[in-house]
2 protein chains.
Amino acid sequence: MVMAMIPNQAFRPAPLTARDRLLEAGVKLVREQGFSATSVDQLCQHAGVTKGAFFHHFASKEALGVALAKYWSDSTGAFFAGAPFHHAEYPVQRVLGYIDLRIALLAGPVESFSCVAGTMVQEVFLTSEAIRAACEASIMGNAHALEADLAAAIAQSGAREVTAAGLARHAQAVIQGAIVLAKAKGGAAAAGVAREELQHLRRYFAMLFQQEMTDAG
Amino acid sequence: MVMAMIPNQAFRPAPLTARDRLLEAGVKLVREQGFSATSVDQLCQHAGVTKGAFFHHFASKEALGVALAKYWSDSTGAFFAGAPFHHAEYPVQRVLGYIDLRIALLAGPVESFSCVAGTMVQEVFLTSEAIRAACEASIMGNAHALEADLAAAIAQSGAREVTAAGLARHAQAVIQGAIVLAKAKGGAAAAGVAREELQHLRRYFAMLFQQEMTDAG
DNA sequence: ATAACCATACCAACTGGTCGGTATGTTACA
DNA sequence: TGTAACATACCGACCAGTTGGTATGGTTAT
């Protein structure tokens with residue numbers, strides 16, 4: 001799915017091409033206002049390009065939405081692929097390490113850790129099949145990255161009645177739900193509410209895998 | 001929070017006043033397209049009233065959003081307050097009964113069980129403080145209705161490290177996340193994905209309360 | 001009659017999208 | 001090597017339609 005890993009632009013090299021600048025503006029504006037409320041003019045203004053440039057790179061606003069989901073997916077996927085929790089010895093440690101990392105990322109204002117794909121799909125799941133599919137790929141791709149570790153953890157712990165794919169989806173569901181609750185709470189308390197949800201997810205996984213709870217975020 | 005309980009209008013008496021018809025149209029259109037993508041003209045057309053009627057009852061589109069969250073909250077609140085799971089003997093049964101009811105409601109197309117408050121707050125949490133607060137009240141009110149049974153279940157089971165309020169929020173978070181994943185999945189498989197998430201929530205609660213898993217939805 | 005309720009007509013701002021045109025390469029070939 | 005042919009990236013004015021919102025006037029119950 002999606003998440004913070006894009007705290008703000010200053011920490012990453014400023015995108016050079018107009019296309020990248022538009023996608024970067026898309027990340028920011030969709031997080032702040034959603035997809036429907038974000039206009040093409042706004043995207044152009046924020047990216048510092050003209051409308052002509054926009055429609056040179058994207059056939060339509062919908063096409064930008066599709067590209068944005070992929071851009072988001074690639075960015076977040078690369079971030080988690082390079083995270084240190086992968087080097088933990090036991091699969092259960094790797095699974096809990098992933099959750100701990102997600103917890104650590106839940107800080108600051110909601111728009112700094114909310115999910116572009118999750119936000120978009122809520123709005124357009126019925127009106128744009130192309131964007132819906134792109135968001136599904138983003139969220140489910142993020143889930144898929146967890147499956148191997150979860151399968152190993154299940155095998156090692158002997159957990160029954162659950163599947164690796166199902167648990168991976170559940171992790172994404174809790175993350176998405178945590179973001180919704182954080183948005184509802186608003187203000188400085190938002191991130192704390194979201195972290196609390198991930199703590200419950202961690203406890204669930206730890207219980208399933210018969211692992212003692214260690215400290216978390 | 002939010003949910004199906006409003007499967008479709010045919011099962012409830014057709015609202016008579018223009019205000020109610022507009023709110024009913026709001027439920028349907030926000031579920032299908034989100035709040036930003038829903039125009040005042042669309043709401044009027046669907047409700048069978050004119051723009052004059054709209055702005056007679058609501059000072060602005062934002063005001064309708066606030067009223068819609070309250071309308072939604074009252075409708076769903078009344079539905080769950082009257083549900084039979086409240087009559088179960090043990091608190092753990094009542095908690096799991098609530099989840100089983102939610103699972104049973106997850107059927108049909110996503111727009112028939114999605115959450116109006118959750119959808120709205122995703123889009124406008126930064127741009128409309130009034131709607132955000134109304135959605136928070138809706139979602140947290142739904143959570144609050146569970147707290148008494150959860151507190152009793154915690155007391156009876158001796159569960160530690162969790163609070164009734166925290167678990168109540170977690171239930172809402174999982175429900176919201178299940179809806180997001182269902183929207184991403186799309187099509188006929190959507191409801192099944194959502195039910196799977198609630199099953200995980202049920203398993204988590206059952207483990208916390210040391211209760212054996214019985215059949216669920 | 002008087003106030004709540006609702007319809008019609010209208011407006012300025014903005015919507016996604018188009019279009020003709022330009023500036024800067026990149027390639028093909030004499 | 002020079003130049004013609006083509007491609008890519010971008011600009012900014014413009015379009016028809018839609019947006020949320022207003023102004024005003026007519027009904028209908030009390």
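Visitor: Which residues of H5(B) are buried?
Guide: In this predicted model, helix H5 of chain B covers residues 91-105, and 12 of its 15 residues are buried. Buried here means under 20% relative accessible area. The residues that meet this cut-off are Pro91(B), Val92(B), Arg94(B), Val95(B), Leu96(B), Gly97(B), Tyr98(B), Ile99(B), Leu101(B), Arg102(B), Ile103(B) and Leu105(B).

Visitor: Against which helices do the buried residues of H5(B) pack?
Guide: H5(B) is mostly covered, and the partners of its buried residues belong to chain B. These partners are helix H4 (61-81), helix H7 (129-157), helix H8 (164-185) and helix H9 (190-208).

Visitor: What area is buried between chain B and chain A?
Guide: Chain B and chain A each bring 46 residues to the contact. Carbon and sulfur atoms give 64% of the buried area. The area buried between the two chains is about 4200 Å².

Visitor: Which three residues supply more of the area that chain B buries against chain A than any other three?
Guide: The leading trio accounts for 15% of the area that chain B buries against chain A. Its members are Gln122(B), Phe125(B) and His200(B).

Visitor: How many salt bridges does the rule find across the interface of chain B and chain A?
Guide: The rule requires a side-chain nitrogen of Lys or Arg within 4 Å of a carboxyl oxygen of Asp or Glu. The side chains of Arg169(A) and Glu196(B) form a salt bridge, at 2.9 Å from N to O. Across the interface of chain B and chain A, the number of salt bridges found is six.

Technical notes:
Residues numbered from 1 in each chain as written. Chains lettered and ligands numbered in written order. Predicted model: local features only at pLDDT ≥ 70, side-chain atom pairs only at ≥ 80, totals over all residues. Heavy atoms only, no water. Helix = DSSP H or I, 4+ residues; strand = E, 2+ residues; numbered from the N terminus. Expected span 1.5 Å × (residues − 1). Buried < 20%, exposed > 50% of the residue type's maximum accessible area, 1.4 Å probe, protein only. Contact = heavy atoms within 4.5 Å. Buried area = accessible area lost by both parts, 1.4 Å probe.
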